[in-house]
Amino acid sequence: MFVAVLLLAAYLPLSRPQCLTANDDVRRISADAHQALLQAEQHFSADLLQTIGNLHPEKNVFFSPTSIFKTMLLAYFVSANHTEAAIKKSLHLPEDKDKMDMMGAYSLESYYQKLRSIQTDYELSSANRIYVSRYLPVSHCMKVLFSDEIVPANFQDNLNHVLKKINRWVATQTRDVIKGFLSDDSVTSDTELILVNAAYFKGSWKFMFYEEDTTEGTFHLSNGNSVPIPMMYQENEFRAGLDMDLRVEVLEMPYAGDDISMIVLLPLKPSPSAIPELIKLLNSQTLQRTFNKTASLTPHRITVNFPKFSIEEEIELTPILESMNVGDMFQSTADLSTLTEIPRGLSFSGAIHKAKIQVDERGTEAAAATAVISARVGVDSFTADSPFVYFLYDKLSNTVLFCGVFNSP
């Protein structure tokens, strides 16, 4: 029944008000455009990991590529002319697809995610908001197209109320994992437009660790020092292997339902340069190859030692996105006239992302406000006691929900 509904949705006609293109004709939602959108997200996720990872080579990193991508996709929809072109290129959206194609793909993906929220094996959600000054004349068609995303905000006269409203929304979307998302000094009365994203995942391990098997272990830092850390332990059947091109051990730990997994890349030879060198190699092609080859491995019985940890990160995305060539969307020259029908004078005041992950014996809770693997013959254990890169990978949509670099407890 689930598959039948998805196939039917792929052919629903898309009828929207006129504003995204010069000719917003009624057209069928293209499965090809949807696939292109997911591939673009994979490219953007790899770009984000490299950019953020290079900025913090020795620190823990954690963020949600899919939530940031979807929010930037909204920025693409509301922009026009040179600003639109720059954002489109930075998101790796296909040149032969216009905004109507991408709007259909965006709507279809949103529909898929709503269907998935019905299942009970895990909790997965992602939501976006664009808060726009109530004094700006938002075009009627954009209000219709993005009725769930656009929220009028009285920054000028009632800033505290707006802050509380945004923080309540983020807390609700993340099941109270992230509270107080915006501080009093993060938005001013001069703000005209701000985009916010919130993503949430909670899943139980398919093969749970037992608390009584968790012991104090030693984590070896990249600088040669060692620190204590609680290490979980179990013996079970996992997909695991070696990627000699990336020079890492690979482990897949599935969550209940088998739709989502944590994929861990552990450098074979820990060193101060091991993680930075690995991140340089993790482009969209190598990531996809690693995910595909890991999925093709036959599970075999191994022992797993994995750290129990919790990380909370807040990232000011503006300089990061600007370094990724998103154009002038944060500058006064930005053209967001698709949103307001005003050629100039409106730009995004900022983009903030906050993410938190908790990994323990039961599973993972995460929230955010992007050569050949061979079977591990002769290797019977996977011990993550040195820095590693990890992904919460959605097999159904082929996207990275969350990703991080664990450098230290």
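Strands β7 (residues 215-220) and β8 (residues 226-243) run antiparallel and are joined by 6 bridges. This pairing, like everything that follows, is read from a predicted model. Within it, Gly217 has Ile229 of β8 as its bridge partner. The hairpin formed by β7 and β8 has 5 residues between the strands, and there Gly224 adopts a positive phi near 100 degrees.

A second set of pairings is built around strand β17, and it makes a good place to look at burial. Of the 7 residues in β17 (residues 388-394), 7 are buried, so this strand is largely enclosed by the rest of the structure. The enclosure can be followed on both faces of β17: one side carries the buried residues Phe388, Tyr390, Leu392 and Asp394, while Val389, Phe391 and Tyr393 are buried on the other. Strand β10 (residues 260-267) runs antiparallel to β17, with 6 bridges between them, and in this pairing Leu265 stands opposite Val389. Strand β18 is also antiparallel to β17, and 7 bridges link the two. Here Tyr393 faces Val400 of β18.

The turn from β17 to β18 deserves a closer look. The hairpin of these two strands has 4 residues between them, and Asn398 takes a positive phi near 55 degrees there. Most residues other than glycine have a negative phi. Asn398 is therefore worth noting as a residue other than glycine with a positive value, and its relative accessibility of 23% makes it count as partly exposed. Asp258 is another such case, with a positive phi of about 65 degrees although it is not a glycine. This aspartate is found in the loop between β9 (248-254) and β10. Asp258 counts as partly exposed because its relative accessibility is 33%, a value that falls between the 20% limit for buried and the 50% limit for exposed residues.

Residues of β17 appear again in the nonpolar cores. The largest nonpolar core has 69 residues, and Met142 and Phe391 have the most contacts inside it. Helix α3 provides the largest share of this core, with 9 residues. Apart from it lies another core of 37 residues, which includes Phe238, Ala240, Ala384 and Tyr390. Phe391 and Tyr390 also belong to the two opposite sides of β17 described above.

Attention now turns to the open and enclosed spaces of the model. The largest pocket has a volume of about 780 Å³. Its lining is made up of 36 residues, and those nearest the centre of the pocket are Tyr106, Ser110, Lys114, Ser126 and Glu149. Several elements each supply at least two residues of this lining: α2 (31-55), α3 (65-78), α5 (99-116), β4 (122-133), α6 (140-145) and β18 (399-406). The largest share comes from α5, which gives 8 residues. By class, the lining of the largest pocket comprises 15 nonpolar, 12 polar and 9 charged residues.

The largest cavity holds about 60 Å³ of space. Among the residues that line this cavity are the prolines Pro57, Pro267, Pro270, Pro272, Pro276 and Pro387, together with Ser222, Ser271, Ala274, Ile275 and Asn407. Helix α8 (residues 274-281) provides the largest share of the lining, 3 residues. The class counts for the largest cavity are 8 nonpolar, 3 polar and no charged residues.

The second largest cavity contains about 30 Å³ of space. Its lining consists of Gly53, His56, Pro57, Lys59, Val61, Ile275, Pro276, Ile279, Val405 and Asn407. Once again α8 gives the most, with 3 residues. The lining of the second largest cavity divides into 6 nonpolar, 3 polar and 1 charged residues. Pro57, Ile275, Pro276 and Asn407 take part in the linings of both the largest and the second largest cavity.

Definitions and conventions
Residues are numbered from 1 along each chain as its sequence is written. This is a predicted model: local features need pLDDT of at least 70, side-chain atom pairs count only at pLDDT 80 or more; totals for chains, interfaces and linings use all residues. Side-chain values use heavy atoms; hydrogens and water are left out. On a 1 Å grid over the protein atoms alone, a cavity is a set of points where a 1.4 Å probe fits but cannot get out, and a pocket is an open set with protein on both sides within 12 Å along at least five of seven lines; lining residues have an atom within 4 Å of a point. Grid points are joined across faces, edges and corners, and a volume is the space filled by probe spheres set on the points. Ala, Val, Leu, Ile, Met, Phe, Trp, Tyr, Cys and Pro count as nonpolar, Asp, Glu, Lys and Arg as charged, and the others, Gly among them, as polar. Two strands pair if DSSP finds at least two bridges between them. Buried means under 20% relative accessible area, exposed over 50%, partly exposed in between (1.4 Å probe, protein chains only). A nonpolar core is a set of buried Ala, Val, Leu, Ile, Met, Phe, Trp, Tyr and Cys residues joined through side-chain atoms within 4.5 Å.
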